[in-house]
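Good morning, and thank you for coming. I will walk through one protein and talk about which side chains meet which.

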Amino acid sequence: MGARFAARRLDDVSAIRGAIEARGIRPVFVHLGSPERAKPYFDYYHLTDVERVSDPEATLYGHKVFQLPRKHFSAHFLIPTVWKAWLLGSLRKHGIGMIREDADQMPGIFYLQQRSIVRAFRYRTIADQPDYLKLIA
């Protein structure tokens, strides 16, 4: 399930990228995969030219500044909204695939200015749907 939710995030940002960049904000993605593994996903969602940081050891995820927890992947199976989001995403656009990176690592979104976090969204479940534009408002 984890890879499908990551694809949804890429799709979400791709859809509003113009609005993000119109505000003078540059999206940067940190991901757990290798650059080679991530490239086809970014290409598919028309994000080929966005800055990406490969963090397969989850060093940044666990850094005290970001504090992104790990949540055992099986815990998500008990949440109906996760199942609904997974099924809708799989059926609509993102497909069903194998998890190759760390499915227990929770994601987050951070709006930084001058090297400081201004606002943050830390996922409680992998089905959370942040309001990206509100976060950067």
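I will begin with the overall layout, then go through the cores, the aromatic pairs and the charged side chains.

Please keep in mind that this is a predicted model. The protein has five helices and four strands. Read from the N terminus, the order of the elements is α-β-α-β-α-α-β-β-α. There are 137 residues, and buried ones make up 39% of them. The accessible surface is about 8500 Å², and carbon and sulfur atoms account for 57% of that surface. Now take the contacts between residues at least 6 apart in sequence: 64% of those join residues at least 24 apart.

Next, the inside. In soluble globular proteins, nonpolar side chains tend to be buried together. Here the largest nonpolar core holds 19 residues. Which of its members touch the most others? They are Leu10, Phe29, Phe42 and Leu47. Several elements feed this core: helix 1, helix 2, strand 3 and helix 5 each supply at least two residues. Helix 1 gives the most, namely four residues.

Look at Leu10 for a moment. Leaving aside residues up to four places away in sequence, Leu10 touches Phe29, Tyr41, Phe42, Tyr45 and Leu47. Apart from this core there is another one, of six residues, which include Leu32, Ala58, Leu68 and Phe110.

That brings me to the aromatic rings. The whole structure contains four aromatic pairs, and I will show you two. The rings of Phe29 and Phe42 have centres 5.2 Å apart and planes at 75 degrees. Planes over 60 degrees apart count as edge-to-face, so that is what this pair is. Phe29 belongs to strand 1 and Phe42 to helix 2, so the pair ties together parts 13 residues apart in sequence. Are these two residues buried or exposed? Phe29 is buried at a relative accessible area of 15%, and Phe42 is buried at 4%.

The other pair is Phe66 with Phe110, again edge-to-face, with 4.8 Å from centre to centre and 65 degrees between the planes. Phe66 is in the loop between helix 3 and helix 4, while Phe110 is in strand 3, so this pair ties together parts that are 44 residues apart in sequence. Phe66 has 18% relative accessibility and counts as buried. Phe110 is also buried, with a relative accessible area of 18%.

Some rings have a charge over them as well. The charged end of Arg52 sits over the ring of Phe42, 4.6 Å from the ring centre. In the case of Arg9, the charged end sits over the ring of Tyr123, 4.6 Å from its centre.

Now the salt bridges. Side chains of opposite charge can pair when their charged atoms come close. How many salt bridges are there? The count is four.

Start with Arg17 and Glu21, whose side chains meet in a salt bridge at 2.8 Å, N to O. Both residues lie in helix 1, four residues apart, which is about one turn of the helix. Arg17 has 13% relative accessibility; the cut-off for buried is under 20%, so Arg17 counts as buried. Glu21, at 38%, is partly exposed. The two do not stand alone, since Arg17, Glu21 and Asp49 are linked in a network of salt bridges.

Helix 2 has a salt bridge between Lys39 and Asp43, with the closest N and O atoms 2.5 Å apart. Lys39 and Asp43 are four residues apart in helix 2, so about one helical turn separates them. Lys39 is partly exposed at a relative accessible area of 40%, and Asp43 is partly exposed at 26%.

The last one is between Glu51 and Arg26, where the closest N and O atoms are 3.0 Å apart. This pair links distant parts of the chain: Glu51 is in strand 2 and Arg26 is in the loop between helix 1 and strand 1, 25 residues apart. Glu51 is partly exposed at 38% relative accessibility. Arg26, at 60%, counts as exposed.

To finish, one residue to remember is Phe42. Phe42 is buried, pairs edge-to-face with Phe29, and has the charged end of Arg52 over its ring. Phe42 is also among the residues that touch the most other members of the largest nonpolar core. Thank you.

Notes: Residues are numbered from 1 along each chain as its sequence is written. This is a predicted model: local features need pLDDT of at least 70, side-chain atom pairs count only at pLDDT 80 or more; totals for chains, interfaces and linings use all residues. Side-chain values use heavy atoms; hydrogens and water are left out. Buried means under 20% relative accessible area, exposed over 50%, partly exposed in between (1.4 Å probe, protein chains only). Rings of Phe, Tyr and Trp (its six-membered ring) pair if their centres lie within 6.5 Å; planes under 30 degrees apart count as stacked, over 60 as edge-to-face and the rest as tilted. A charge sits over a ring if NZ of Lys or CZ of Arg is within 6 Å of the ring centre and within 35 degrees of the ring normal. Contact means heavy atoms within 4.5 Å. Accessible areas come from the Shrake-Rupley method with a 1.4 Å probe; for residues, only the protein chains shown count as cover. A nonpolar core is a set of buried Ala, Val, Leu, Ile, Met, Phe, Trp, Tyr and Cys residues joined through side-chain atoms within 4.5 Å.
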